[in-house]
Amino acid sequence: MTKKEKVLIIKEYFDSEYADATCSLDYKDPFQLLVATQLAAQCTDARVNMVTPSLFAKFPTVKAFAEADMTEMEMAIKSTGFYHNKARNLIACAQKLLSDFGGVVPQTMEELLSLPGVGRKTANLLLGDIFGQPAIVVDTHAKRITNRLGLTKNEDPTKIEMDLRKIIPLEAGSDFCHKLVYHGRALCTARGPKCGLCGLQNVCDYYKKNK
Ligand code: SF4
């Protein structure tokens, strides 16, 4: 079986098991998703969703972020961890959005990557969920599960993304990655996968090695 054929079987299973999978970060516009995704680094989406309502009430616009006092920003996001770096990047990101992009979140990978604090994971999430472009979001769940399934042998997220871009139908990439997250939370957990409950045993390298 080729990897492309394997992906189609996995996709069919995901589509039946996790039909409603979406991004679990709360946001109302592209800038809010840009901020929330940066806050989600080394933090749970649930924690980020607890922080962002008051954060966006305090700093309601890109301009407000760009002009924010560093200490006030740090205090507003402290519980998401790594708050010194995150606050510095959020303020710098908003300043660059104003200076280079008219305060509007850009729609290309290259432009998104030019923003402070924005890596490929964040850029792909924006491209896929906001702008409807082909995107592969490699987070910790995607990394773990695609290795277990045998879709990649790489550990580096960028290399995994490039591997997946070759085998996942591009228009389905963003949705597929959201479903990987759901599968990672439901069954294919980091601590120990619940393979007995999983419908992917026949296409899973990890299962075949460890059954
Ligand atoms: S069979 Fe086990 S390791 Fe493979 S995808 Fe399912 S839960 Fe994960």
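**Group meeting: a walk through the model**

Okay, let's start with one residue: Phe82 is partly exposed, because it has 14 other C-beta atoms within 10 Å. For that label, the count has to fall between the exposed limit of 12 or fewer and the buried limit of 20 or more. Keep in mind that what we're looking at is a predicted model.

So where does Phe82 sit? You'll find Phe82 in the loop that runs between H5 and H6. Its backbone is worth a look as well: phi of Phe82 is near 50°, which is a positive value, and this residue isn't a glycine.

There's another residue like that, Gln42. Its phi is positive too, about 55°, although Gln42 is not a glycine. Gln42 belongs to the loop between H2 and H3. Is Gln42 buried or exposed? It has 10 C-beta neighbours inside 10 Å, so Gln42 counts as exposed.

Now let's go back to H5, which covers residues 70-77. Which of its residues are buried? They are Met73, Ala76 and Ile77. Around the helix axis they cover an arc of only 85°, so they end up on the same side of H5. And what do they pack against? Three helices, namely H2 (30-39), H3 (45-58) and H6 (83-101).

Okay, zooming out. The protein chain is divided into domain 1, which is 3-22 + 136-210, and domain 2, which is 30-129. Their C-alpha centres lie 27 Å apart. Where the two meet, 9 residues of domain 1 are in contact with 6 residues of domain 2. On the domain 1 side, helix H10 (157-167) and helix H11 (173-186) each supply at least two residues. H10 has the largest share there, with 3 residues. If you sort that side of domain 1 by class, you get 4 nonpolar, 3 polar and 2 charged residues.

What about the inside? The largest nonpolar core has 54 residues, and Leu90 and Leu126 are the ones with the most contacts inside it. Why does this core lie between the domains? Because domain 1 and domain 2 both give residues to it. Take Leu90: if we skip its neighbours within four places in sequence, Leu90 is in contact with Val35, Gln38, Phe65, Met73 and Gly117. You've met Met73 already, as one of the buried residues of H5.

Next up is Cys177, over in helix H11. Cys177 has 27 C-beta neighbours inside 10 Å, so it counts as buried. Again leaving out neighbours within four places in sequence, Cys177 is in contact with Ile136, Val137 and Ala142. There's also His141: it is 36 residues away from Cys177 along the chain, yet their C-alpha atoms are separated by 8.8 Å.

Last stop, the ligand. There are 14 residues around the ligand, and the ones that come nearest are Cys188, Pro193, Cys195, Cys198 and Cys204. Which helices each supply at least two residues of that shell? Helix H9 (140-149) and helix H12 (205-210). H9 gives the most, with 3 residues. By class, the shell has 11 nonpolar residues, plus 1 polar and 2 charged.

That's my tour, so over to you for questions.

Notes: Residues numbered from 1 in each chain as written. Predicted model: local features only at pLDDT ≥ 70, side-chain atom pairs only at ≥ 80, totals over all residues. Near = placed C-beta within 6 Å. Helix = DSSP H or I, 4+ residues; strand = E, 2+ residues; numbered from the N terminus. Nonpolar A, V, L, I, M, F, W, Y, C, P; charged D, E, K, R; others polar. Core = buried A, V, L, I, M, F, W, Y, C linked by C-beta atoms within 7 Å. Domains from an automatic or database assignment. Contact = placed C-beta atoms within 7 Å. Arc of directions from axis to C-beta.
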